[in-house]
Structure formats: C-alpha cells, structure tokens
Amino acid sequence: MRVLFIGDIVGKPGQDYVREVLKGLLRARRIDLVVANGENATNGRGINRLACEALYDAGVEIITMGNHTWDQKDSEALLEEDARIVRPANFPEGTPGRGYTVCKVAGKPFLVINLMGRTFLSQLDCPFREVDRILAAHPHIRHVLVDMHAETTSEKLAMGWHLDGRVSAVVGTHTHVPTADERVLPGGTAYITDVGMVGPRDGILGMDRDLVLRKMRTHLPVRFQVAGGPRQFCAVEVDLDDESGRARSIERIFLCEPG
Ligand SMILES: [Fe+2]
C-alpha cells in the first residue's frame with residue numbers, strides 16, 4: 001500500500017502546483033492514499049471550503065491541520081461537517097471538529113491522526129498521552145499515519161520514537177523546510193522530521209520575503225502576503241505492508257519549477 005503525504009500547502013500558488021503535478025505523480029507511483037497538510041492553503045492562514053474543494057479535485061483525500069486551524073471564518077462549520085479534515089487531536093476536550101479520521105484504503109481501515117507540538121506553540125493537551133488514547137481506542141487498525149505539526153525537531157523526533165512499532169508513519173510538518181532524515185525506525189515506523197511545503201520557493205516559508213524582512217527589521221505591524229515566483233512541491237511516499245501496516249520504505253519527493 002502506497003501513501004503520499006504532501007507537506008504544508010501554502011496559498012493559491014501551493015494549491016495550483018498541487019493541481020498541476022499530483023495526478024501525474026499518482027499515476028506514475030500508483031498511490032493508494034493522498035494526505036496533505038492544508039493549514040496554510042488559504043492565503044497562508046487556515047483553509048476555507050473553496051481551498052478544500054480545490055485540493056479534493058486535485059486528488060487530495062484527507063487534509064490535516066495545525067496552529068492555523070481556526071484562521072478562516074468558516075473554519076468551525078467546515079471542520080464539523082467534513083470528516084476528511086483533521087485538526088490536532090490534542091486541542092482541549094469539546095473543541096469542534098475531529099482529531100483523527102478513519103478511511104478505507106485497499107480494503108483496510110486506515111487511521112489518520114493530527115497532533116500539535118507545544119514548544120513555541122499553544123499549550124495544548126499532551127500530544128503523547130492523546131495519541132496513546134486514540135491508539136488504545138482503535139486496537140484493530142494496523143495502518144496509521146500521524147502528522148506531528150510542531151516547531152522543534154526534538155519534539156517531532158520524540159513522537160517518532162514514542163510511536164515506533166505502533167503506527168505506520170510519523171511525518172512532521174509546520175516548519176516548511178524539508179529535513180533529510182527520512183528513515184524507517186527499527187520497529188517499522190516510517191519517520192521524517194519535516195516534509196517541507198508546497199508553495200513559492202523564493203519567499204520566506206512561502207510568504208513575501210520583503211514583507212517578512214520589513215517586519216523583522218523594523219518590528220512595525222506588517223500584513224504578510226503569500227509570495228509569487230517559482231514554486232516547489234515537497235512530499236514523501238511511504239510504502240506499507242498491506243497486512244501488518246509496517247513501513248517498508250519512505251522516500252522524499254522534491255519538485256521545483258525552473259527560475
Ligand atoms: Fe503551522
């Protein structure tokens with residue numbers, strides 16, 4: 001079973017690039033499931049219905065989120081209604097939406113979980129205890145992908161080792177900068193600290209670099225905008241055993257427009 005996980009999709013340039021390249025990748029690689037982090041898909045902050053529909057049309061099947069989950073005005077209603085969107089599971093009890101979702105892939109139940117780290121981010125509930133609780137509630141599911149949306153490499157590595165041998169894959173998101181540490185851990189869990197992003201290559205994390213620089217140099221209030229220019233596409237393909245759910249391999253995918 002082959003799963004493609006696409007890193008943070010940033011704004012319209014990110015959406016458009018996914019639409020342009022994804023169908024070809026799916027055909028060439030014979031992918032069974034596509035999961036993408038969409039928390040920056042609408043103008044870099046959150047995701048609205050329009051962006052969700054564009055990503056579904058492009059071939060994305062499940063969307064994970066992060067610290068920008070609530071940044072669009074229809075976020076709450078959208079996450080309540082659409083079971084294909086997963087927000088961090090360690091938000092406080094009673095938060096709208098869902099922290100995990102179960103779909104069917106190649107006839108097998110497949111669990112997608114979203115978690116958020118706490119270092120330099122909101123002080124949510126403990127992601128380690130929350131993921132333990134979710135796994136204990138789904139003992140029959142062998143195919144599990146976890147998107148660990150976090151700022152620090154250490155917190156993501158800790159989650160990888162915490163879940164090694166218990167889930168199929170732990171993929172990190174949020175920093176938009178891909179790391180080169182993809183591997184299958186000894187227990188059979190595919191791991192990467194950060195998948196990277198889909199969006200403008202020459203901005204700063206996908207945002208217009210002049211605006212980010214002005215903010216950093218002056219500390220005046222600046223409204224960030226998604227950058228233009230050449231786009232990059234970051235993803236990983238994870239190959240899983242159909243029966244056990246253990247990972248056989250994880251491969252980093254990086255595409256970039258010339259320019
Ligand atoms: Fe984020």
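**Exercise 1.** In this predicted model, decide whether His176 is buried or exposed.

*Solution.* The relative accessibility of His176 is 9%. The cut-off for buried is under 20%, so His176 counts as buried. As for its place in the fold, His176 sits in the loop between strand 9 (169–173) and strand 10 (183–184).

**Exercise 2.** Determine which side chain makes a polar contact with the side chain of His176, and describe the setting of that partner.

*Solution.* Step one: the partner is Asp8, at 3.3 Å. Step two: Asp8 belongs to strand 2 (residues 8–9). Step three: with 0% relative accessibility, Asp8 is also buried. Step four: the Asp8 side chain reaches the backbone nitrogen of His174 at 3.4 Å. Beyond four places in sequence, the contacts of Asp8 include Glu39, Asn40, His149 and Gly196. Those of His176 include Asn40, Gly196, Leu205 and Gln232.

**Exercise 3.** State which residues UniProt lists for "binding site" and how they are arranged in space.

*Solution.* The unreviewed UniProt entry lists Asp8, Glu39, Asn40 and His176. These residues spread over 169 residues of sequence yet cluster in space, with a largest C-alpha distance of 11.5 Å. Among them, Glu39, Asn40 and His176 are included in the lining of the largest pocket.

**Exercise 4.** Describe the geometry of helix 1 (residues 11–29).

*Solution.* Take the span first. From first C-alpha to last, the 19 residues of helix 1 reach 26 Å, close to the expected 27 Å. Next, the axis: helix 1 bends by about 35 degrees at Val21, and Val21 is one of the buried residues of this helix. Finally, just after the helix, Arg30 adopts a positive phi of about 50 degrees.

Technical notes: Residues are numbered from 1 along each chain as its sequence is written. This is a predicted model: local features need pLDDT of at least 70, side-chain atom pairs count only at pLDDT 80 or more; totals for chains, interfaces and linings use all residues. Side-chain values use heavy atoms; hydrogens and water are left out. Helices (H or I, at least four residues) and strands (E, at least two) are DSSP runs, numbered from the N terminus. The expected span of a helix is 1.5 Å times one less than its number of residues. The bend at a residue is the angle between axes fitted to the seven residues ending there and the seven starting there. Buried means under 20% relative accessible area, exposed over 50%, partly exposed in between (1.4 Å probe, protein chains only). UniProt positions are given in the numbering used here, feature names are shortened, and annotations may be inferred rather than shown by experiment. On a 1 Å grid over the protein atoms alone, a cavity is a set of points where a 1.4 Å probe fits but cannot get out, and a pocket is an open set with protein on both sides within 12 Å along at least five of seven lines; lining residues have an atom within 4 Å of a point. Contact means heavy atoms within 4.5 Å. A polar contact is a pair of N or O atoms within 3.5 Å; within protein, one must be able to donate a hydrogen and the other to accept it, and residues adjacent in sequence count only if both atoms are side-chain atoms.
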